[in-house]
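Here are my notes on this one, as numbered points. Have the coordinates open while you read.

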Amino acid sequence: VDGHNYYVGLNFSMPLGKVKNESKLQQTKLLKMQNNSLKSDIKSTIISTHNNFIPTLNHLNEELKASKDNIKNIQDSIAHIRKKYEQGRVPLKDLIDEENLLLQAYLNVVGIEQLMINLTLDYLSVFQKAECNFNLNI
């Protein structure tokens, strides 16, 4: 006792050895479960990506071929319309509209090519999440 102030002390002891070991064991089990879950998620993502990549790329390749064929057809049409325009048989607006279609077709090709590049980059980025040996077993 110090004047009007009182001091109280408390002594508490708990054996930590066994509890500490059990706590570490539980943490290890939890960490293993999390790793197994993550591994399973990565494996399913890789399998899904692998299974969808080729069909999607083939579809985009068909779209690209069709778009390039469309460009050839539009170019032929422009040549035909240009001759008619020079003869005074069609208005300038028809020629401009056809040239506008050609430019849109070019943009469509660029868009499909961009989709193919992005698809390939996405495909490759998934495989960085797992070891190479794992990827080869798919």
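How many salt bridges does a search of the whole structure find? The count is three, and I come back to each of them below. Keep in mind that this is a predicted model.

1. Overall layout. The secondary structure comes to three helices and zero strands, so the order from the N terminus is simply α-α-α. Of the 138 residues in the protein, 17% are buried. The accessible surface is about 11,400 Å², with carbon and sulfur atoms holding 56% of it. If you look at contacts with a separation of 6 or more, 75% of them join residues 24 or more positions apart.

2. Helix H2. This helix covers residues 92-126. Its 35 residues reach 51 Å from first C-alpha to last, close to the 51 Å expected at 1.5 Å a residue. The buried residues in H2 are Leu95, Glu98, Leu102, Ala105, Val109, Ile112, Met116, Tyr123 and Val126. For reading that list, recall that an α-helix has 3.6 residues a turn, so residues three or four places apart point the same way. Note that Glu98 is in the buried set.

3. The cores. The largest nonpolar core has 13 residues, and the members touching the most others are Leu64, Ile71, Ile74, Ile78, Leu102 and Met116. Helices H1 (17-86) and H2 each supply at least two residues of this core. Apart from it lies another core, of six residues, including Ile42, Ile46, Val126 and Phe127. As background, nonpolar side chains tend to be buried together in soluble globular proteins.

4. Leu64 up close. Which residues does Leu64 contact, leaving aside its neighbours within four places in sequence? They are Val109, Ile112, Glu113 and Met116. Val109, Ile112 and Met116 also appear among the buried residues of H2.

5. The salt bridge between helices. Glu99 and Arg82 meet through their side chains at 2.7 Å, N to O. Glu99 is in H2 and Arg82 in H1, so this pair ties together parts that are 17 residues apart in sequence. Both ends are partly exposed: Glu99 has a relative accessibility of 29%, and Arg82 has 34%.

6. The salt bridges within a helix. In H1, the side chains of Lys65 and Asp69 pair at 3.5 Å, N to O. These two are four residues apart, which puts about one helical turn between them. Lys65 is exposed at 54% relative accessible area, while Asp69 is partly exposed at 32%. In H2, Lys93 and Asp97 pair at 2.8 Å, N to O. Lys93 and Asp97 are also four residues apart, about one helical turn. Here Lys93 counts as exposed at 56%, and Asp97 as partly exposed at 34%.

7. A surface patch. Tyr85, Leu92 and Ile96 make a nonpolar surface patch of about 260 Å². Is Leu92 buried or partly exposed? Its relative accessibility is 42%, so Leu92 counts as partly exposed. Leu92 sits in H2.

8. One more pair to check. Asn70 lies in H1 and is partly exposed, with a relative accessible area of 36%. Asn70 and Leu101 are 31 residues apart in sequence, yet their C-alpha atoms are 9.8 Å apart in space.

Conventions:
Residues are numbered from 1 along each chain as its sequence is written. This is a predicted model: local features need pLDDT of at least 70, side-chain atom pairs count only at pLDDT 80 or more; totals for chains, interfaces and linings use all residues. Side-chain values use heavy atoms; hydrogens and water are left out. Patches are made of residues with over 30% relative accessible area and no salt bridge: like charges are joined within 9 Å, nonpolar side chains (Val, Leu, Ile, Met, Phe, Trp, Tyr) within 5 Å. Accessible areas come from the Shrake-Rupley method with a 1.4 Å probe; for residues, only the protein chains shown count as cover. A salt bridge is a side-chain nitrogen of Lys or Arg within 4 Å of a carboxyl oxygen of Asp or Glu. Buried means under 20% relative accessible area, exposed over 50%, partly exposed in between (1.4 Å probe, protein chains only). A nonpolar core is a set of buried Ala, Val, Leu, Ile, Met, Phe, Trp, Tyr and Cys residues joined through side-chain atoms within 4.5 Å. Contact means heavy atoms within 4.5 Å. The expected span of a helix is 1.5 Å times one less than its number of residues.
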